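Colleague: Please take me closely through one part of this model. I am new to this, so keep the steps short and explain each term as you go.

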Amino acid sequence: MSDTPRDSSPRHLSLAREDGTTTAYRRFQGVDGRNLPSVVFLSGFASDMSGNKAVFLESHCRNRGQAFLCFDYFGHGASSGQFSDGTIGRWREDALAVIDRLTEGPLILVGSSMGGWIMLLAALARPARVAGLVGIAAAPDFTEELMWSRMTAPIKEQLLRDGEWHEPSRYGPDLPITLKLIEEGRHHLLLGQPIAVNCPVRLLQGMEDPDVPWRWAVRTAERLSGGDVTVTLVKDGDHRLSRPQDLARLAATVDALSDEIAAKNF
């Protein structure tokens, strides 16, 4: 559910939060006169804004003169807090905080893996601001259906007993999975009912993704209320979709959606 770090010392600023924590972010404010929506990148579970998709998309937006923002969730990257104390609700609040305090005008949210769940939650909370969504292996409800439902009985017993279990990760060190993450995530599940998001949505999904089944994208599309929803299946694509051809596809998708929104004067 994570992305591979490429920039070991990213430049960042910090947003002070009401609870005393800080949220790290990078921002490009765009070029005056461009009528393009701002792009906000939401990274995946245990990933951060040094991941290669975030770095690529920032560079692409800068070259295009388009405003861009990326940030680290609580307990991720350069933000304060412990990863094991994070929850879906907390990370949703992080996204809303940077949207409300660091952006202006219409937005395109680009969510990778868990970021795809967070972008949907943010779009539901800020429908007047969110003009479009781009999901990359979007993983709504993953804590319940891709974690808890797949866990063996001994792992569930350990979680219920100890409150934490360390999941082996193919992308880096083992990840602490907490009972709090699972239980709190149940307050934000989306796929069991229609998702009242009506802006244009573009979902990019690899068919060889070992973490998020490709049918997840189709299921998400079926649940979305809006009619302008497109699913692009990449037959040989993996979870990260970070190969050069994948990044080119992401840029083309964001550009086309940006131009469409600008033409409508959202």
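**Strand β3 and its sheet**

Modeller: Strand β5 (residues 107-112) runs parallel to β3, and five bridges join the two. The model is a predicted one: local features need pLDDT of at least 70, side-chain atom pairs count only at pLDDT 80 or more, and totals for chains, interfaces and linings use all residues. Residues are numbered from 1 along each chain as its sequence is written, and side-chain values use heavy atoms, with hydrogens and water left out.

Some terms come up at once. Strands (E, at least two residues) and helices (H or I, at least four) are DSSP runs, numbered from the N terminus. Two strands pair if DSSP finds at least two bridges between them.

Now take β3 itself. It spans residues 38-42, and five of its five residues are buried. Buried means under 20% relative accessible area, exposed means over 50%, and partly exposed lies in between (1.4 Å probe, protein chains only). In a regular strand, side chains alternate between the two faces of the sheet. Here, Ser38, Val40 and Leu42 are on one side of β3, while Val39 and Phe41 are on the other. Both of these faces are covered.

Next, the neighbours of β3. Toward β5, Val40 has Leu109 as its bridge partner. Strand β4 (residues 68-71) also pairs with β3, again in the parallel sense, over three bridges. Val39 is matched with Phe68 in β4, and Phe41 stands opposite Cys70. How does the chain get from β3 to β4? It passes through helix α1 (residues 52-64), and this β-α-β crossover is right-handed. That label applies if, with the strands pointing away from the viewer, the path from the first strand over the helix to the second runs clockwise.

Step back to the whole sheet. It is open, it has eight strands, and its pairing is mixed. The order is β1-β2-β4-β3-β5-β6-β9-β10. Strands β1 (13-16) and β10 stand at the edges with a single partner strand each, so one side of each has no neighbour in the sheet. From one strand to the next, the twist averages 20°. Axes here are lines fitted to C-alpha atoms, for helices over the stretch in contact, and angles run from 0 to 180 degrees between N-to-C directions.

What packs on this sheet? Helix α3 (residues 114-125) does, touching β3, β5, β6 (130-136) and β9 (201-206). Its direction makes about 150° with that of β5. Contact means heavy atoms within 4.5 Å. Helix α8 lies across β3, β5, β6, β9 and β10, and it runs at about 165° to β6.

Now follow the sheet to β9. Six of its six residues are buried. Val201, Leu203 and Gln205 are on one side, with Arg202, Leu204 and Gly206 on the other. Strand β6 runs parallel to β9, joined by four bridges. One pairing there sets Gly135 with Leu203. On to β10: it pairs with β9 in the parallel sense over six bridges. Arg202 has Thr230 as its bridge partner there. Between β9 and β10 the chain crosses through helix α7 (residues 215-223), and this crossover is right-handed.

What about the nonpolar cores? Such a core is a set of buried Ala, Val, Leu, Ile, Met, Phe, Trp, Tyr and Cys residues joined through side-chain atoms within 4.5 Å. The largest one has 56 residues. Phe45, Trp91, Leu109 and Leu133 have the most contacts inside it. Leu109 is also the β5 partner of Val40. A second, separate core has 22 residues, including Phe68, Val110, Leu257 and Ile261. Phe68 is also the β4 partner of Val39.

Last, the cysteines. A disulfide is a covalent bond between the sulfur atoms of two cysteines. The search counts a pair of cysteine sulfur atoms within 2.5 Å, and it finds zero disulfides in the whole structure. Why is Cys61 not bonded to Cys70? Its sulfur is 10.0 Å from that of Cys70, the closest cysteine sulfur, and this is too far for a bond. Cys61 is buried, at 0% relative accessible area. For Cys199, the closest cysteine sulfur is in Cys61, 17 Å away, which is also too far. Cys199 counts as buried too, at 13% relative accessibility.
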